[in-house]
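Student: Let us go through this structure in questions and answers, starting with a term that will be needed.

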Amino acid sequence: MPRELITIQVGQCGNQIGHRFWELALREHAANNTAGLFDEAMSSFFRNVDCRSNPPRDIPIGDGSAPISNLKARAVLVDMEEGVVNEMRKGRLGGLFDAQQLLTDVSGSGNNWAHGHHLYGPQYRDNLLESIRRPVEACESLQSFLLLQSLGGGTGSGLGCYILSLLEDEFPEAYRFATSVFPSEDDDVITSPYNALLSLAELTEHADAVFPLENQALMDMCSLIQTRSGPSATRPASLLSGPTAGKSKGKAFDGMNGIAANMLLHLTSSVRFEGALNVDLNEITTNLVPFPRLHFLLASLSPLAAPKDVGKLMGPPRAVDQVFTEVFSREHQLMKVDPRKSTYLACCLLTRGKMSIADMNRNVTRLKPNLRMVHWNSDGFKLGICSTPPVGVPYSLLGLVNNSCVVTSFRTMQDRFARLYKRKFYLHHYLQYMEEGAFTHAIETVACLNDEYLARTAAAPVRCDRQLTPVGMHFL
């Protein structure tokens with residue numbers, strides 16, 4: 001049975017990541033579906049529509065032998081500034097999006113979380129629900145929503161979090177995954193500390209899992225790719241680094257958005273393609289989220305770029321081992337934190353392509369002694385194998401870890417927030433739309449989140465030195 005996923009792209013950053021995501025998703029499916037048939041893999045992300053009918057009708061998947069007529073993405077595009085969405089509609093992917101699943105305004109949220117959450121949210125609630133219900137009703141077996149947002153601005157953070165709570169209320173059976181871009185410390189949005197902390201509190205309460213991305217980490221990864229993109233190193237237009245990585249021309253943030261998009265493609269590969277050890281998205285939360293609020297998962301990717309000599313990845317076992325080593329290196333992480341100095345609650349390794357269970361078990365055995373696993377889950381590794389590799393490479397690896405190191409990023413967010421809040425800078429802009437108690441609630445929620453992460457990872461194993469005698473066996 002098809003398992004559908006619906007992406008909800010909110011704000012400028014969310015829609016730019018979404019644009020890269022759909023470009024790369026189309027390329028990947030085109031490379032693996034040369035017959036042009038609408039099969040189960042395609043149906044996870046797309047609908048097959050007969051536009052000759054009025055109104056257009058969905059062509060059922062059937063036995064997977066129907067030709068592709070007109071693809072429509074299972075996506076909802078939301079932005080309170082229409083520029084990015086209009087650009088997508090007029091671009092080469094414009095026909096991919098259903099006009100009834102686009103929602104825009106003109107004035108924007110002014111980098112104000114409260115404006116997006118408390119004004120635009122209630123104002124557009126019915127329109128949002130209608131835009132989301134349309135793709136939901138077109139699904140046979142909806143599995144999850146993928147929310148794409150940035151926490152630094154006003155629409156992606158404020159309205160994005162409003163939509164997340166709306167999904168929880170209206171579609172509680174579907175999983176809610178958020179890919180959230182955390183602002184860097186030198187972010188040019190002055191109010192981003194307020195927006196980020198308010199959003200973090202909402203993500204803690206309403207998401208099933210969050211994949212945080214840090215702008216600085218993405219920029220550093222793009223620099224690393226460009227450093228390796230010399231004449232003898234990597235393919236400049238590698239799919240794994242985004243089509244414009246390594247080129248002098250291209251839209252701003254293409255490389256960064258490409259990394260985020262490839263993480264999502266890898267994450268969802270087992271839903272779309274066959275594999276020897278497929279991992280469904282619901283298994284991510286089951287295995288990596290031991291406590292409901294501790295659901296922030298650090299992602300890492302390898303390789304970041306496809307080498308010019310792909311044969312280098314086809315070599316001896318040490319080439320495969322290098323990919324595993326890189327996934328546990330800071331250079332390949334999508335956040336600027338150090339998990340080796342903190343405690344792992346759980347770890348998931350998802351491979352794509354020509355890799356065996358023996359390869360995975362060998363590398364887990366090799367790397368595990370260097371990882372500080374929490375005592376109550378010392379064998380907390382989830383492994384997955386999808387047989388279909390990304391375009392251009394024989395295999396790749398995605399690492400997802402639940403680690404207390406995320407507290408470092410949360411504390412940085414708290415410190416930036418406190419520097420503004422203690423002097424009440426810009427506070428009046430937020431109090432036009434919400435009570436100051438919302439700030440207090442967010443501060444307390446994030447503080448409790450940090451405490452819970454540290455408490456769950458610092459707890460020592462219970463020791464019992466006294467030998468107990470079973471009741472009723474004193475005669476022995």
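Tutor: Two strands count as paired if DSSP finds at least two bridges between them. The model discussed here is predicted.

Student: Which residue of β7 is the bridge partner of Gln-9?
Tutor: Strand β1 covers residues 4–10, and 6 bridges join this strand to β7, residues 142–150. The two strands run parallel. Within β7, the bridge partner of Gln-9 is Leu-148.

Student: What is the order of the strands in the open sheet?
Tutor: The sheet has 6 strands with parallel pairing. Strands β6 (102–104) and β9 (209–214) each pair on one side only, which places them at the edges. Neighbouring strands are turned by 15° against each other on average, direction ignored. The order is β6-β5-β1-β7-β8-β9.

Student: Which strand makes about 150° with the direction of helix α9?
Tutor: Two helices that pack on the sheet may be taken in turn. Helix α5 (residues 125–137) touches β1, β5 (75–79), β6 and β7, and its direction makes about 160° with that of β5. Helix α9 (residues 254–267) touches β7, β8 (175–182) and β9. For α9, the angle of about 150° is made with the direction of β9.

Student: How many contacts does the stretch 239–249 have beyond near neighbours in sequence?
Tutor: The mean pLDDT of the chain is 88, and 88% of its residues reach 70 or more. Over residues 239–249, however, the pLDDT is below 50. Where pLDDT is low, the predicted coordinates should not be read in detail. With that caution, the number of contacts in the model for residues 239–249 is 35.

How values were computed:
Residues numbered from 1 in each chain as written. Predicted model: local features only at pLDDT ≥ 70, side-chain atom pairs only at ≥ 80, totals over all residues. Heavy atoms only, no water. pLDDT = per-residue confidence, 0-100. Contact = heavy atoms within 4.5 Å. Helix = DSSP H or I, 4+ residues; strand = E, 2+ residues; numbered from the N terminus. Axes fitted to C-alpha atoms, helices over the stretch in contact; angles between N-to-C directions.
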